[in-house]
Amino acid sequence: MLIRAKADIPASEIAPESAWFNRRAFVAGLAAAGLVGTARATPRYVAADGGQKELNGVSRGPFSTDEPANSYEDITTYNNFYEFGTGKEDPHRNAGNFKPQPWTMRVQGEAEMTGEFDVEGLLSGVGLEERVYRMRCVEAWSMVIPWVGVPLGEVLKRFRPTSRAKHVAFETVYRPEEMPGQKRRVLDWPYVEGLTIEEASHPLALLAVGVYGVTLPNQNGAPLRLIVPWKYGFKGIKSIVGIRFQERRPPTSWNISAPHEYGFYANVNPQVDHPRWSQASERRIGSGFSGLFARRVPTQMFNGYGEQVAHLYSGLDLRRNY
């Protein structure tokens, strides 16, 4: 079930730039900013104890696939978030103590506007969009997910990056007392990721704050995460607390951990196998089936978004630059 599109945020409710970056101006939270309100009726796909709130002012965004979306249960109980454990059900089981509010983010590096900002201030004035995207995991399973968020590029340009900003680096929060997976040395915490400035500015790139019309559950990256649908899912860093504009290519967690297996770009490419498995097809999670029992479908180049993003890699050898 997809949520019903709602009216755009009126121009009268959009804050001027001086208010965007006044971190004390938004202490009342997302509800006070007019972006989130308590649902009139609990959506039937949200558990009563889930603590999620309905997102207001959501319009249907561009680029959405017409493929059937996975269920809310699929999306919130089968996913990777190693900060809560390495099993697919671990995030759902172990994320209950995580506190996504209040939330601030550091913005640093090659930009005119830097500092620490409340997340609601960063997002105010940019209309929320529902985008139904394909999601392809590097482990060769996939879903179709109705995210709600704001275009990443619209947020980043507010910081006025300089000409030296060739890349954008992202960092996940480090709270081992709330994220038990961070107590194990599975990865070098905190989790870090990065994009070129062109990738980050592309209209497809999304900062997601919700799924199925409600705020993100903890296990899916609350309160905001990155969605880059033409790349493997591990590029979608969750629970972001840091953004840095920089000239040099930033390190990324999985490339640090296993550079021979995980490259910087991580574009979905069925012609380049993972060293331990084929990427030519994928297991589509859903209909009560997961893991090895899910139906297999052919993997599409750039996850089916090649028409929109192939130009970003013109002249690049995608077999060597994986």
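In the predicted model, S281 of strand β12 stands opposite P298 in strand β13. These two residues belong to an antiparallel pairing of β12 and β13, which extends over four bridges. Strand β13 comprises residues 295-298, and strand β12 comprises residues 281-284. Strand β12 also pairs with strand β5 (residues 141-151), here in the parallel sense and over two bridges. Within this parallel pairing, W141 of β5 is placed opposite R283 in β12.

Confidence along the chain was considered next. The protein chain has a mean pLDDT of 86, and 82% of its residues reach 70 or more. Residues 1-45 have a pLDDT below 50, although this stretch makes 84 contacts in the model beyond near neighbours in sequence.

The surroundings of W141 were then examined. This residue lies in strand β5 and counts as buried, because its relative accessibility is 2%, under the 20% limit. When residues up to four places away in sequence are left aside, W141 touches Y78, N79, N80, K88, M135, R136, R283 and I285. R283 is thus both a contact of W141 and the residue opposite W141 in β12. The side chain of W141 also makes a polar contact, at 2.9 Å, with the side chain of E139. The C-alpha atoms of W141 and V297 are separated by 9.6 Å, while the two residues lie 156 positions apart along the chain.

A residue that precedes β5 has an unusual backbone angle to report. A140, located in the loop between β4 (128-136) and β5, has a positive phi of about 75 degrees although it is not a glycine. A140 is buried, since its relative accessible area is 2%.

Aromatic contacts were surveyed across the structure, which holds 14 aromatic pairs. One of these pairs is formed by Y78 and W141: the ring centres are 5.1 Å apart and the planes stand at 80 degrees, so the arrangement is edge-to-face. This pair links distant parts of the chain, with Y78 in the loop between α2 (72-77) and α3 (90-94) and W141 in strand β5, 63 residues apart. Both Y78 and W141 are buried. F264 and Y265 form an aromatic pair that is likewise edge-to-face, with a centre-to-centre distance of 5.4 Å and 80 degrees between the planes. F264 and Y265 are both buried. In addition, F81, F84, F98 and W103 form one aromatic cluster.

Two of these aromatic residues also have a lysine over the ring. K235 lies over the face of F264, at 4.5 Å from the ring centre. The charged end of K238 sits over the ring of F81, 5.2 Å from its centre; F81 is a member of the aromatic cluster described above.

A positive phi is also found at A266, where the angle is near 55 degrees in a residue other than glycine. A266 lies in the loop between α7 (253-257) and β12. With a relative accessibility of 3%, A266 counts as buried.

Cis peptide bonds were found before two proline residues. One joins Q101 and P102, with omega at about -5 degrees, and P102 is found in the loop between α3 and β2 (104-109). The peptide bond from W189 to P190 is also cis, with omega near -5 degrees. P190 is located in the loop between β6 (167-172) and β7 (192-196).

The strands on either side of this loop pair with one another. Strands β6 and β7 run antiparallel and are joined by five bridges, with H167 standing opposite T196 in β7. Strand β7 is mostly covered, as five of its five residues are buried. V192, G194 and T196 point one way from β7, whereas E193 and L195 point the other way, and all are buried.

Methods: Residues are numbered from 1 along each chain as its sequence is written. Side-chain values use heavy atoms; hydrogens and water are left out. Two strands pair if DSSP finds at least two bridges between them. Rings of Phe, Tyr and Trp (its six-membered ring) pair if their centres lie within 6.5 Å; planes under 30 degrees apart count as stacked, over 60 as edge-to-face and the rest as tilted. Buried means under 20% relative accessible area, exposed over 50%, partly exposed in between (1.4 Å probe, protein chains only). A charge sits over a ring if NZ of Lys or CZ of Arg is within 6 Å of the ring centre and within 35 degrees of the ring normal. pLDDT is the predictor's confidence in each residue, from 0 to 100. Contact means heavy atoms within 4.5 Å. A polar contact is a pair of N or O atoms within 3.5 Å; within protein, one must be able to donate a hydrogen and the other to accept it, and residues adjacent in sequence count only if both atoms are side-chain atoms.
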